[in-house]
Amino acid sequence: MASPPGTLLAVKVAPKAARNAVIGWHAGSLKLCVTAPPEDGCANAAVIALLADVLRTPPSSIHVRRGARSPHKLLAIDGLDEAALLARLPQR
């Protein structure tokens, strides 16, 4: 059985922001703001929740592949190929 399509997404996260929002593309990464602090995985959970809402996909399909303790993260998104992912995100 073939695995579902998936893709990687580079993001830059600004924690402790005034609101949760997708800001747009900057230097090849999607910039996100989340209200959660960067402590105990709170900001990572907020990033996953925000992207799940924007991408209309379950939070369980989004995983931090690299950068769990950094503002620069690489996320794996299961179930969406690159074209579908980009179609659901703000344009560059």
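Me: Two strands pair if DSSP finds at least two bridges between them. In what order do the five strands of the open sheet stand?

Reply: This is a predicted model. Its five strands form an open sheet, and the pairing is mixed. Read across the sheet, the order is β2-β3-β1-β5-β4.

Me: Which strands stand at the edges of the sheet?

Reply: Look for a strand with a single partner. Such a strand has one side left without a neighbour in the sheet. Two strands fit, residues 21-26 and residues 62-66, so the edges are β2 and β4.

Me: By what angle are neighbouring strands of this sheet turned against each other on average?

Reply: Direction is ignored here. For neighbouring strands of this sheet, the average turn is 40°.

Me: How many bridges join β2 to β3?

Reply: Start with one pair: W25 has L30 in β3 as its bridge partner. β2 and β3 run antiparallel. The number of bridges joining them is five.

Me: Which residue takes a positive phi in the hairpin of β2 and β3?

Reply: This hairpin has two residues between the strands. The positive phi is near 55°. The residue that takes it is A27.

Me: In which sense do β1 and β3 pair?

Reply: V11 stands opposite L30 in β3. Four bridges link β1 and β3. Their sense is parallel.

Me: How many bridges does β1 make with β5?

Reply: β1 covers residues 6-14. One pair is G6 with its bridge partner in β5, D78. β1 and β5 pair in the antiparallel sense, and the number of bridges is seven.

Me: How many of the residues of β5 are buried?

Reply: Buried means under 20% relative accessible area. β5 has seven residues and is largely enclosed by the rest of the structure. That follows because the buried residues number five.

Me: And in β3, how many residues are buried?

Reply: β3 spans residues 29-33 and is mostly covered. Of its five residues, the number buried is four.

Me: Which residue in β5 is the bridge partner of H63?

Reply: β4 and β5, the latter at residues 72-78, run antiparallel and are joined by four bridges. R66 stands opposite L74 in β5. For H63, the bridge partner is A76.

Me: Which residue in the turn between β4 and β5 has a positive phi?

Reply: β4 and β5 form a hairpin with five residues between them. The positive phi is about 90°. The residue in question is G67.

Me: Is I62 buried or exposed?

Reply: I62 is found in strand β4. Beyond four places in sequence, I62 touches I48, L51, A52, T57, L75, A76 and I77. The cut-off for buried is under 20% relative accessible area. I62 has 3% relative accessibility, so it counts as buried.

Me: With which side chain does the side chain of T57 make a polar contact?

Reply: T57 sits in the loop between α1 (42-55) and β4. At 13% relative accessibility, T57 counts as buried. Beyond four places in sequence, T57 touches A52, I62 and D78. The polar contact spans 2.9 Å, and the partner side chain is that of S61.

Me: Which residues is P90 in contact with, leaving aside its neighbours within four places in sequence?

Reply: P90 lies in the segment after α2 (82-88). At 33% relative accessibility, P90 counts as partly exposed. The residues in contact with P90 beyond those neighbours are V22 and W25.

Me: How far apart in space are P90 and C42?

Reply: In sequence, P90 and C42 are 48 residues apart. In space, C-alpha to C-alpha, the distance is 24 Å.

Me: How far apart in space are I62 and L89?

Reply: In sequence, 27 residues separate I62 and L89. C-alpha to C-alpha, the distance in space is 15 Å.

Me: What gives the largest share of the lining of the largest pocket?

Reply: The largest pocket holds about 240 Å³ of space. It is lined by 14 residues, and P38, A68, R69, S70 and K73 lie nearest its centre. The largest share of the lining is three residues, and it comes from α1.

Notes:
Residues are numbered from 1 along each chain as its sequence is written. This is a predicted model: local features need pLDDT of at least 70, side-chain atom pairs count only at pLDDT 80 or more; totals for chains, interfaces and linings use all residues. Side-chain values use heavy atoms; hydrogens and water are left out. Axes are lines fitted to C-alpha atoms, for helices over the stretch in contact, and angles run from 0 to 180 degrees between N-to-C directions. Buried means under 20% relative accessible area, exposed over 50%, partly exposed in between (1.4 Å probe, protein chains only). A polar contact is a pair of N or O atoms within 3.5 Å; within protein, one must be able to donate a hydrogen and the other to accept it, and residues adjacent in sequence count only if both atoms are side-chain atoms. Contact means heavy atoms within 4.5 Å. On a 1 Å grid over the protein atoms alone, a cavity is a set of points where a 1.4 Å probe fits but cannot get out, and a pocket is an open set with protein on both sides within 12 Å along at least five of seven lines; lining residues have an atom within 4 Å of a point. Grid points are joined across faces, edges and corners, and a volume is the space filled by probe spheres set on the points.
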